[in-house]
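Me: Got a model here to walk through. Can we take it piece by piece?

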Amino acid sequence: MDFFKALGSGIKFDRKKFQRDIQLFEKPTGGPASLNAGANCEPGAELDFFAEAKPVAKANPAEETNDGDDAAKSEEEEADALEPFHGPSEVQAFRDQHRIAYYGELSVEPVRSFAMLFERFTFKAAVRRNFDRLKFTKPTPIQLQALPLALAQQDFVACAPTGSGKTLAYVLPMLHILSEPQRVGYRACIVTPTRELATQVYELLKVLSQGTKFRINHLVKARPTQEGKETDQVKKYDILISTPLRLMYEIEHDLIDLSQVQYLVLDEADQLLELGYLQQVDTILAACTHSGLRKQLFSATIPPEIEDLAQSIMRDPVRLFIGFRNAATEDVEQRLVFVGQEAGKMVEIRNMVQRGFAPPVLIFVQSIDRAKELFHELVYDGLNVDVIHSQRTKAQRDNVIANFRAGRIWVLIATELMSRGIDFKGVNLVINYDFPQTVQSYIHRVGRTGRAGRKGIAVTYFTREDAPYLRSVVNVIRDSGGEVPEWMLELKPATEEKSKLLKIRPPPRQPIITKPSAVKWKMAQLK
Ligand SMILES: Nc1ncnc2c1ncn2[C@@H]1O[C@H](COP(=O)(O)OP(=O)(O)OP(=O)(O)O)[C@@H](O)[C@H]1O
């Protein structure tokens with residue numbers, strides 16, 4: 001269904017105008033100007049707003065197909081799923097098959113299946129029932145190894161692609177390890193960089209702990225000003241989920257006691273161990289004084305310097321990697337589109353709208369101001385669009401997320417705030433309107449699509465000024481199985497100094513304004 005065609009402004013990308021720029025990226029022999037310039041974003045036959053994913057494997061193939069062969073095959077698979085490993089070489093072959101690599105002392109075997117996990121570890125009946133309702137039939141590669149490793153209560157760092165189910169890999173073991181509620185205060189603590197992500201983890205914990213007596217505190221509400229010590233009240237809780245800033249406030253004001261925490265998880269750990277959060281995380285680590293404290297760090301990106309830092313705060317950690325380190329998920333088709341100059345981006349978006357595309361679409365920009373500017377442009381174009389950034393109120397942010405999840409918003413413009421962790425299952429297309437400032441940001445942004453086995457497309461616009469930073473993204477595309485022309489692989493990477501500068505400061509860009517304000521004012525009056 002081509003809902004957008006009628007709404008497009010009909011502007012064409014002026015390749016003649018950008019000819020000089022285009023040549024910059026051409027091979028001396030005259031290669032293509034971009035990967036997929038004029039990306040084809042034709043919608044599928046039907047819009048599929050957040051419909052359930054096709055299961056990774058069928059819940060019960062025999063039931064669905066009535067096919068005798070399939071039933072026999074399924075029985076065989078089930079038997080295989082419980083077959084113990086025969087020696088270390090078989091374990092290694094299994095890890096190789098699932099692209100599980102590790103460093104450090106890893107004595108815990110992976111599991112072949114959830115059935116094997118539940119055979120090895122006896123979970124509470126309620127947790128088992130809740131888990132079954134999720135209808136996850138096969139563990140993802142990270143879950144194959146991280147679930148038994150977490151249950152063995154070892155410190156570890158886990159790096160696995162976006163959308164590959166890392167959350168379950170720490171949430172499920174947590175409910176087994178805590179065994180029974182003890183009313184001694186928090187025994188497990190999960191820290192995430194944003195409240196949106198904390199809320200998402202909380203939702204999963206709520207689902208999995210239904211029917212148990214575990215109490216979970218989701219500590220991201222507005223900072224308490226007049227609250228006294230909460231210690232007595234807090235004793236009722238077993239699990240804490242928080243953002244680092246809020247948690248540091250609680251610790252510094254002696255409002256919280258983390259001395260009983262035995263299970264600490266840092267989600268999006270590489271971000272939490274960066275300068276902006278390090279002081280907060282240090283405070284949290286210092287407050288977790290229990291001698292049996294275990295730490296687990298998760299992210300889709302663990303750069304080597306963060307790996308070193310992570311090791312320094314852990315006890316003989318295993319470092320677990322799935323697939324290529326710091327690569328994007330292979331379920332996303334990644335495209336680079338050269339737009340010449342800033343103005344070329346709006347041209348490209350409007351071209352895409354005119355061609356028609358399958359929402360929901362997530363568009364990333366580099367700043368709040370630019371998010372607002374782009375929102376005004378697209379809203380005046382008549383698109384069903386909204387915007388999310390940290391200046392919006394918490395209620396607005398929650399509403400936007402709920403509306404986007406429900407398919408009531410088709411195009412969502414976001415800042416970096418939304419780049420990590422958020423699980424919008426049905427996003428068909430991610431557009432990097434502004435080139436990401438780090439390769440990690442690129443990986444997380446494009447990872448908002450292609451989740452839980454679904455396919456997605458990510459389009460990244462780049463201007464002449466972005467060109468020096470192209471190479472690192474090109475490497476990610478190559479490492480995640482995408483095709484890149486040879487000449488792009490020959491581009492020089494940006495110097496370390498330049499990359500560091502870009503990381504802390506977004507490049508200056510022309511404002512996103514294509515219509516004179518008088519026209520906009522007039523249009524607003526007509527609405
Ligand atoms: N074994 C499984 N089978 C099918 N779906 C799964 C399985 N495990 C998790 N999922 C689903 O996969 C999606 C992504 O999971 P999750 O958000 O934990 O990914 P992630 O690896 O943490 O991603 P990110 O790095 O972006 O934070 C969720 O919708 C989750 O319900």
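Me: Where does UniProt put the "domain: DEAD-box RNA helicase Q" feature?
Reply: The UniProt record, an unreviewed entry, has that feature at residues 116-144. UniProt positions follow the numbering used here, feature names are shortened, and annotations may be inferred rather than shown by experiment.

Me: And what numbering and model type is this?
Reply: Residues count from 1 along each chain as its sequence is written. The model is predicted, so local features need pLDDT of at least 70 and side-chain atom pairs count only at pLDDT 80 or more, while totals for chains, interfaces and linings use all residues.

Me: How much helix and strand is in 116-144?
Reply: Residues 116-144 are 66% helix and 0% strand. The end C-alpha atoms are 10 Å apart. Helices (H or I, at least four residues) and strands (E, at least two) are DSSP runs, numbered from the N terminus.

Me: Where does the record place "domain: Helicase C-terminal"?
Reply: At residues 331-492, again from an unreviewed UniProt entry. That span is 37% helix and 20% strand, with its end C-alpha atoms 27 Å apart.

Me: Now the domain split. What are the bounds of domain 1 and domain 2?
Reply: Domain 1 covers 3-53 + 327-526, and domain 2 covers 98-322. These bounds come from an automatic or database domain assignment.

Me: How many residues does each domain put into the contact?
Reply: Domain 1 gives 15 residues and domain 2 gives 17 residues. Contact here is two residues with C-beta atoms, placed from the backbone, within 7 Å.

Me: Which helices supply at least two residues on the domain 1 side?
Reply: Helix 17 (394-405) and helix 18 (439-446) do. Helix 18 gives the most to that side, with 3 residues.

Me: What's the chemistry of that side?
Reply: The domain 1 side has 5 nonpolar, 6 polar and 4 charged residues. Ala, Val, Leu, Ile, Met, Phe, Trp, Tyr, Cys and Pro count as nonpolar, Asp, Glu, Lys and Arg as charged, and the others, Gly among them, as polar.

Me: Stay on helix 18. At what angle does helix 18 pack with helix 19?
Reply: About 45°, with the axes 9 Å apart; helix 19 is residues 470-479. Axes are lines fitted to C-alpha atoms, for helices over the stretch in contact, and angles run from 0 to 180 degrees between N-to-C directions. That makes helix 18 oblique to helix 19. Angles under 35 degrees count as roughly parallel, over 145 as roughly antiparallel, 65 to 115 as roughly perpendicular and the rest as oblique.

Me: Left-handed or right-handed crossing for helix 18 and helix 19?
Reply: Right-handed. A crossing is left-handed if the near helix is turned anticlockwise from the far one by less than a right angle, and right-handed if clockwise.

Me: Which residues make the contact?
Reply: V439, Y442 and I443 of helix 18 meet S472, V473 and V476 of helix 19. By class, the contact has 5 nonpolar, 1 polar and no charged residues.

Me: Next, helix 11 and helix 13. What's the angle there?
Reply: Helix 11 (residues 244-252) and helix 13 (residues 275-287) pack at about 50°, axes 9 Å apart. Their crossing is left-handed.

Me: Any backbone oddities?
Reply: The P359 to P360 peptide bond is cis, with omega near 0°. P360 sits in the loop between helix 15 (343-355) and strand 10 (361-364).

Me: And what's phi at R99?
Reply: Near 55°, a positive value in a residue other than glycine. R99 lies in the loop between helix 4 (88-97) and strand 1 (100-103).
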